[in-house]
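Grab a pencil and let's work through some helix and pocket exercises together. Try each task before you read its solution.

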Amino acid sequence: MAEITQTDEPEIVPQTRLEAGLLQAANLLFYAFSLGFFIYLFRYYMTGIGGPTLLAVSAVPLAVCIVYLNDLRKGNLYPRLGPVIPWFFALAYILFSLYSIYYLVSEFDNIRIYRIGIWNNHDLIVGGGMAVLVLEYARRHYFALFVINIILLLYTLFGYMVPGTFNHPGMSFRRVVSSVSVEMSTGIFERLAQLGLTLIGSFILVLAVLRAFGCIDSILQASSRIAARSPKLLPQAAIIGSFGVAAVSGSGAANAATTGSATIPALIRAGFPRTTAAAVETASSLGGQLMPPLMGIAAFLMAEYLRESYFEVVARGFVPAIVYFIGVAFAVYLLGMRYQHRAVAPEVEPIRFMDKVNIGAYFLAVAGLIYLMGVERRAAMSSAQNVFIVLFVGLTVAFLFRVWRQRDFSVRTLSNPFVRLIESFSNITSELTVLLATLGVLTASFTITGVPTKVGTILMEGAGVNIAVMGLVAFAFGYVVGMGLPVAPTYIITAVVIVPFMIQAGMDPWVVHFFAFFVAVFGELSPPTSVVAAVTSRIAEAPLSGP
């Protein structure tokens, strides 16, 4: 999905017996928490017990444990402190998160109902501590978003020091802490985190099972066969591969990492300059944010803001996505005529039985989601859950049949796809949940300070309610915001600050929200922080800024 990338990490090679033991312990803890997270969320998808708010107060801290353990096992948690000291930080974070789950769940009704507005110090310490852990993760992974949050929190506290339109009396420290934590209608447990754990999480299940059983690899294998049969079609193989992967990835960066590792080297061998090869994959992979049925986080957020079903967003997203891919394919065709001087046929293995099964499962997933949401008119979460169950059972049977034919009954072989399923689901969902919890801090600051109203007033006055000027101002605003933020934060800021006033000026809500969505996606190309371009330039070994 969206902004959560699954790029290849360098394998950590332990240097000493102590480091090897710590690495093994980190992996065991990570998989234990991931399994618990998977079972807990799957149980919720099947039963809905407790509701989304109770789910958030228990699963957000669990997601925090997983993201820190994932960093610990990969050596990314405070690497300058060596292999041992980060363990103390990780254990402290995990113990506090586990205590937060116990306290927030046991005191759930008291915090949400009986002590609302008069929370005690214990409530604020636990809730505020979780908000600090979320922001600390953002500091290390989404620094621009972290800085924006800190600025907004300082503005919330000291608004009386700001002159002019944006002046406000300032909020007390207790009010700020409660707004980002225990109020639950705002902050880290609000509807954004709930959305990541419920609706988006159910779709990530579908993505995870396709990845775990190799369906994405089979799609790339099939697209490579096109280039093998007709080397002149090599550039189009990049488009076809990205088109297929994008439909179930919803993330431009993940798409680039998945398809680019195969297509970019082949394009370079065919005569494309390194920067051009990287640019072709960047443009192709950007469609990962546009292509239904998984259009990235922002599409789910759009459905939430519009109070419409997710299928209504998906149905309207197909045409722009197809138009985009046709345009990219034509541009790549012209580039191929200019640069493709050598007929390079990539070496590919023949399509095997499991590849055919995997490709069939992929098309079944897309068709099943469209049928259940569009024809049966079932809820999006229920549709994703049903598709996941069918895929899981079918792919498991096919996998076991292949194992039986190969007579490879080792524990590693038998467990591999199921471990990959749990790891992929837990990684993507937990990182996404923490990101959305970080956005909850941002929206809480917006809500209690009235920033959107003030910005909207300036926009309406400056544009003179002229639609064209307002559109240009809104695009410029979204573009600047997108220079430092992923798609989801850019869309949220634009949707909260700009969209209501464009609707007030008489524009159709669907048009305005898709406009905000496309501006946010375009922000993925905004220099100097385009994640997609950074991934492709690294694969191509080309400068990010071009020749």
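**Exercise 1.** Work out how H1 and H3 are oriented to each other, and which residues bring them together.

*Solution.* Keep in mind that this is a predicted model.
- Step 1: Start with the angle. Helix H1 (residues 17-47) packs with helix H3 (residues 85-106) at about 20 degrees, and their axes are 13 Å apart.
- Step 2: Compare that with the cut-off. Angles under 35 degrees count as roughly parallel, so H1 and H3 are roughly parallel to each other.
- Step 3: Add the handedness, which is left-handed for the crossing of H1 and H3.
- Step 4: List who touches whom. H1 brings Leu22, Ala25, Ala26, Leu29 and Phe33, while H3 brings Trp87, Ile94 and Leu98.
- Step 5: Sort them by class. The contact of H1 with H3 has 8 nonpolar residues, with no polar and no charged ones.

**Exercise 2.** Now do the routine for H14 and H21: what is their orientation, and which classes of residue make up the contact?

*Solution.*
- Step 1: The axes of helix H14 (residues 297-306) and helix H21 (residues 487-497) cross at roughly 25 degrees and come within 8 Å.
- Step 2: That angle makes H14 roughly parallel to H21.
- Step 3: The crossing of H14 past H21 is right-handed.
- Step 4: On the H14 side you'll find Ile297, Ala298, Leu301, Met302 and Tyr305, and they meet Val487, Ala488, Tyr491, Ile492, Ala495 and Val496 in H21.
- Step 5: The tally for the contact of H14 with H21 is 11 nonpolar, no polar and no charged.

**Exercise 3.** Find the word that describes how H5 lies to H6, then sort their contact residues.

*Solution.*
- Step 1: Helix H5 (residues 121-141) and helix H6 (residues 143-157) have axes that come within 6 Å and cross at roughly 135 degrees.
- Step 2: An angle has to be over 145 degrees to count as roughly antiparallel, so H5 ends up oblique to H6.
- Step 3: H5 uses Leu135, Ala138, Arg139 and His141 here, and H6 uses Phe143, Phe146, Asn149 and Leu153.
- Step 4: By class, the contact of H5 with H6 splits into 5 nonpolar, 2 polar and 1 charged.

**Exercise 4.** Describe the second largest pocket: what is its volume, and what lines it?

*Solution.*
- Step 1: The second largest pocket has a volume of about 430 Å³.
- Step 2: Its lining has 19 residues, and Phe213, Arg352, Met354, Asn358 and Arg402 lie nearest the centre.
- Step 3: Helices H10 (215-229), H16 (353-375), H17 (380-406) and H18 (411-449) each supply at least two lining residues.
- Step 4: The lining divides into 6 nonpolar, 7 polar and 6 charged residues.

Terms used:
Residues numbered from 1 in each chain as written. Predicted model: local features only at pLDDT ≥ 70, side-chain atom pairs only at ≥ 80, totals over all residues. Heavy atoms only, no water. Axes fitted to C-alpha atoms, helices over the stretch in contact; angles between N-to-C directions. Helix = DSSP H or I, 4+ residues; strand = E, 2+ residues; numbered from the N terminus. Parallel < 35°, antiparallel > 145°, perpendicular 65-115°, else oblique. Left-handed = near helix turned anticlockwise from the far one by under 90°. Contact = heavy atoms within 4.5 Å. Nonpolar A, V, L, I, M, F, W, Y, C, P; charged D, E, K, R; others polar. 1 Å grid on protein atoms, 1.4 Å probe; cavity = no way out; pocket = protein on both sides within 12 Å on 5 of 7 lines; lining within 4 Å. Points joined across faces, edges and corners; volume = space filled by probe spheres on them.
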